[in-house]
Amino acid sequence: MSRPLTIALCQLRWSPDPARNSDQGLAMAAEGFAGGANVVVLPELAVPGYTADPVVLAESAQTLNGPAVKAWQHAAAAGGGYIVGGLCERDGSQLYDSAVMVSGDGLLACYRKAHLFDGEKNVFAPGDAGFPVVRTPDGAFGICICYDLRFVEVLRILALQGAELVLVPSAWVSGFDRGALAAAARPGQVAGLLVQANLNQVFAVAASFAGPGPGVEFLGSSVAADPYGDALAGPLPADAERVIFAYIDLDRVAEAGQRSPLVTPRKDRRRDLYSVTYLGHQL
């Protein structure tokens with residue numbers, strides 16, 4: 001048995017022009033589907049382009065039935081797959097750093113970033129609706145955003161809810177880590193994703209912005225990890241604007257959870273000593 005999927009990671013070079021970011025994201029999504037992708041992943045705030053500028057975000061914010069989500073739905077319908085991408089969502093007077101998952105049938109999920117990073121705290125309301133797992137005929141997909149990966153409970157909660165593939169729109173920037181992590185060949189963000197994919201026995205993929213940004217340097221480094229913590233695609237260079245493909249088999253998730261007859265990481269959890277409480281339920 002196998003359940004193959006092809007994932008397209010779309011790493012965009014940041015532009016101060018929201019229209020360029022939106023159009024380029026759609027073009028790269030089309031390239032991904034043309035290359036055989038079942039799932040296309042775009043960066044965090046792909047619309048309008050990552051920023052914490054309150055003026056830009058207020059002018060560019062969209063509702064979930066706005067042009068960005070509709071355009072992604074049409075692209076997903078044409079490609080016969082799914083798109084996961086980040087946008088600045090407006091809900092009444094609040095702005096959210098959100099990620100949506102769409103198919104040709106419409107909006108499947110919206111996740112609002114729970115852990116806001118740096119200047120995001122001055123603009124966005126923190127998400128409070130939990131961490132979604134979308135169950136589809138192709139598999140169970142979890143969603144989180146960028147800085148959420150620094151909180152190890154997030155991937156663990158998604159995995160314990162049954163996620164097989166975690167999709168992470170990102171805008172990784174330099175200057176966060178110091179010392180050995182900063183000097184490493186792979187940024188700390190990549191190292192963290194690979195380790196957590198292994199520890200939680202899930203596939204995990206992140207698509208980031210690249211190049212100079214609004215007062216920051218994006219790290220690029222878009223990457224896909226398998227449930228053993230090995231990189232299947234990427235990490236991409238910091239300045240590359242490129243679509244890369246990861247070829248996965250979701251049946252490897254169950255395989256990774258049974259490392260040997262006596263090594264079964266999920267079953268070996270000592271829930272008599274500890275548990276994860278999530279939205280009032282113990283996992």
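Let me start with the nonpolar core: in this predicted model, the largest one holds 55 residues, and among these Ile7, Cys144, Leu165 and Val166 touch the most other members. Cys144 is a good residue to follow into that core, since its relative accessible area is 0%, which puts it in the buried class. If we set aside the neighbours within four places in sequence, Cys144 is in contact with Tyr111, Leu149, Val154, Leu155, Leu158, Val166, Leu167, Val168 and Pro169. There is also a second core, separate from this one, made up of 35 residues, including Ala29, Ala46, Trp72 and Phe124.

Several of the contacts of Cys144 bring us to helix α4, residues 153–160, where the buried residues are Val154, Leu155, Ile157, Leu158 and Ala159. Those buried residues of α4 pack against β6, against β7 (139–143) and β8 (165–169), and also against α6 (188–200) and β15 (277–278). After the helix comes Gly162, which has a positive phi, near 105°.

Staying with the cysteines for a moment, how many disulfides does the count come to? The count is zero, and two residues illustrate the reasoning. For Cys144, the closest cysteine sulfur belongs to Cys146 and lies 9.3 Å away, which is too far for a bond, because a disulfide would need the two sulfur atoms within 2.5 Å. For Cys110, the closest cysteine sulfur is that of Cys88, at 11 Å, and this again is too far for a bond. The surroundings of these two cysteines can be set side by side: Cys110 is partly exposed at 27% relative accessibility, whereas Cys144 is buried.

Now to the charged residues, where a search of the whole structure finds eleven salt bridges. I would like to spend most of my time here on Glu44, which sits in the loop between β2 (39–41) and α2 (54–60). Is Glu44 buried or exposed? Glu44 counts as buried, because its relative accessibility is 1%, and the limit for that class is under 20%. Its salt-bridge partner is Lys113, with the closest N and O atoms 2.8 Å apart. This pair links distant parts of the chain, given that Lys113 belongs to the loop between β5 (106–112) and β6 (133–136), and the two residues are 69 residues apart. Lys113, like Glu44, is buried. The same two side chains are also recorded as making a polar contact, at 2.8 Å.

The pair does not stand alone, for Glu44, Asp97, Lys113 and Glu120 are linked in a network of salt bridges. Beyond its neighbours within four places in sequence, Glu44 is in contact with a set of residues that includes Asp97, Lys113 and Glu120, and also Tyr50, Gly86, Ile145, Cys146, Pro169 and Phe209. In the loop between β5 and β6 we also find Gly119, which is partly exposed at 22% relative accessibility. The C-alpha atom of Gly119 is separated by 8.9 Å from that of Thr51, although the two lie 68 residues apart along the chain.

Two further salt bridges deserve a place beside the buried pair. Asp91 and Arg112 meet through their side chains at 2.9 Å, N to O, and they join strand β3 (residues 82–91) to strand β5 across 21 residues of chain. Asp91 is partly exposed, with a relative accessible area of 40%. The other is the salt bridge between Arg270 and Asp272, whose closest N and O atoms are 2.6 Å apart. Here Arg270 is partly exposed at 40% relative accessibility, while Asp272 counts as exposed at 58%.

Let me finish with some strand pairing around β10. Strand β1 (residues 4–13) pairs with strand β10 (residues 209–212) in the parallel sense, over two bridges, and Arg13 has Ala210 as its bridge partner in β10. Toward strand β11 (residues 217–219), by contrast, β10 runs antiparallel, with three bridges joining the two, and here Gly211 stands opposite Phe218. Which residue takes a positive phi in the hairpin of β10 and β11? It is Gly215, with a phi near 80°, in a hairpin that has four residues between the strands.

Terms used. Residues are numbered from 1 along each chain as its sequence is written. This is a predicted model: local features need pLDDT of at least 70, side-chain atom pairs count only at pLDDT 80 or more; totals for chains, interfaces and linings use all residues. Side-chain values use heavy atoms; hydrogens and water are left out. Buried means under 20% relative accessible area, exposed over 50%, partly exposed in between (1.4 Å probe, protein chains only). A polar contact is a pair of N or O atoms within 3.5 Å; within protein, one must be able to donate a hydrogen and the other to accept it, and residues adjacent in sequence count only if both atoms are side-chain atoms. Contact means heavy atoms within 4.5 Å. A salt bridge is a side-chain nitrogen of Lys or Arg within 4 Å of a carboxyl oxygen of Asp or Glu. A nonpolar core is a set of buried Ala, Val, Leu, Ile, Met, Phe, Trp, Tyr and Cys residues joined through side-chain atoms within 4.5 Å. Two strands pair if DSSP finds at least two bridges between them.
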